[in-house]
Amino acid sequence: MTFLEQAICDASKTLERIRELQQPLDRAAQIIGDCLLSGGKLLVCGNGGSAADGADFATEFACRFVNDRQPFPAINLSACSSLLTATANDYGVEQLFARPLRAFARPGDVLVVLTTSGNSPNILAALGEATQSGLTSVAILGRDGGKARGLATVDLIVPSQITARIQEGHKFLLHVLCETVEDRLQAAPGRH
């Protein structure tokens with residue numbers, strides 16, 4: 001079997017297992033839609049490839065996903081290099097997202113975290129800060145969810161041991177979330 005054939009086989013198995021996430025996916029979409037329709041904002045974070053996926057996810061709401069509609073506030077906490085480096089320098093890498101979360105989050109906002117391992121200390125600290133601040137949170141995880149499992153309001157765990165397949169699963173879930181939420185945002189009166 002070639003690398004491509006093996007990757008397609010593994011990706012297909014991973015995506016097929018994502019079907020089991022329908023209920024938590026619906027709950028996550030409800031939470032995000034309610035947040036945005038009530039004037040709240042999304043705060044998104046992740047490391048490395050997860051930061052890039054989080055940036056794309058935030059952009060889909062602040063700009064648009066498919067349909068032309070009103071923009072909604074979504075902030076990628078991984079975006080500002082001066083804030084990230086100052087925070088890491090002054091407070092340590094573990095506070096990379098928790099400290100900016102304290103600056104930007106308000107009651108009614110939603111934190112969305114992405115981590116393939118579920119064990120990133122800065123993601124765990126962000127989830128802890130979200131809980132302490134009374135925020136609702138969605139954790140998009142991989143493998144068995146790691147230490148992050150159960151810390152968020154809703155967990156979406158891509159059941160794979162292969163980082164690349166987990167990231168592909170995350171991207172797929174994020175796009176389905178965008179489609180589901182955008183449909184709801186479009187249907188809301190006066191939100192076009």
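In this predicted model, the crossing of helices H2 and H7 is right-handed. The axes of H2 (residues 22-37) and H7 approach to within 9 Å and cross at roughly 50°, which makes H2 oblique to H7. On the H2 side, the contact is built from Leu 25, Ala 28, Ala 29, Gln 30, Ile 32, Gly 33, Asp 34, Leu 36 and Leu 37. Facing them on H7 are Leu 173, Val 176, Leu 177, Thr 180, Val 181, Arg 184 and Leu 185. Sorted by character, the residues of this H2 and H7 contact comprise 11 nonpolar, 3 polar and 2 charged.

Helix H7 (residues 163-187) also packs with helix H3 (residues 49-62), their axes coming within 10 Å and crossing at roughly 15°. Because angles under 35 degrees count as roughly parallel, this value makes H3 roughly parallel to H7. The crossing of H3 and H7 is right-handed, as is the crossing of H2 and H7. From H3, the contact draws on Gly 49, Ser 50, Asp 53, Asp 56, Phe 57, Glu 60 and Phe 61. The partners supplied by H7 are Gln 167, Lys 171, Leu 174, His 175, Leu 177, Cys 178, Val 181 and Leu 185. The contact of H3 with H7 divides into 7 nonpolar, 4 polar and 4 charged residues. Leu 177, Val 181 and Leu 185 of H7 take part in the contact with H2 and also in the contact with H3.

Turning to the fold as a whole, the protein contains 7 helices and 5 strands. Read from the N terminus, these elements follow the order α-α-β-α-β-α-α-β-α-β-β-α. The C-alpha atoms occupy a box of roughly 50 × 45 × 30 Å along the principal axes. For 192 residues, a compact globule would be expected to have a radius of gyration near 16 Å, and the protein's own value of 16 Å agrees with this. Of the 192 residues, 47% are buried. Contacts across the sequence are well represented: among those between residues at least 6 apart, 69% join residues at least 24 apart.

Helix H1 (residues 3-17) offers a pleasant local view of such links, beginning with Thr 14, which lies in this helix. Thr 14 has a relative accessible area of 6% and is therefore buried, since the cut-off for burial is under 20%. Leaving aside residues up to four places away in sequence, Thr 14 touches Val 158, Ser 160 and Arg 165. Of these partners, Arg 165 falls within the residue range of H7, while Val 158 falls within that of strand E5 (154-158). Ser 12 is likewise found in H1, but Ser 12 is partly exposed, at 44% relative accessibility. Ser 12 and Gly 169 are separated by 157 residues in sequence, yet their C-alpha atoms are 9.9 Å apart in space.

A final local feature concerns the backbone at Arg 143. Although Arg 143 is not a glycine, this residue has a positive phi of about 55°. Arg 143 sits in the loop that runs between strand E4 (136-142) and strand E5 (154-158). With a relative accessibility of 25%, Arg 143 counts as partly exposed.

Terms used:
Residues numbered from 1 in each chain as written. Predicted model: local features only at pLDDT ≥ 70, side-chain atom pairs only at ≥ 80, totals over all residues. Heavy atoms only, no water. Axes fitted to C-alpha atoms, helices over the stretch in contact; angles between N-to-C directions. Helix = DSSP H or I, 4+ residues; strand = E, 2+ residues; numbered from the N terminus. Parallel < 35°, antiparallel > 145°, perpendicular 65-115°, else oblique. Left-handed = near helix turned anticlockwise from the far one by under 90°. Contact = heavy atoms within 4.5 Å. Nonpolar A, V, L, I, M, F, W, Y, C, P; charged D, E, K, R; others polar. Rg over C-alpha atoms; globule rule 2.2 N^0.38 Å. Buried < 20%, exposed > 50% of the residue type's maximum accessible area, 1.4 Å probe, protein only.
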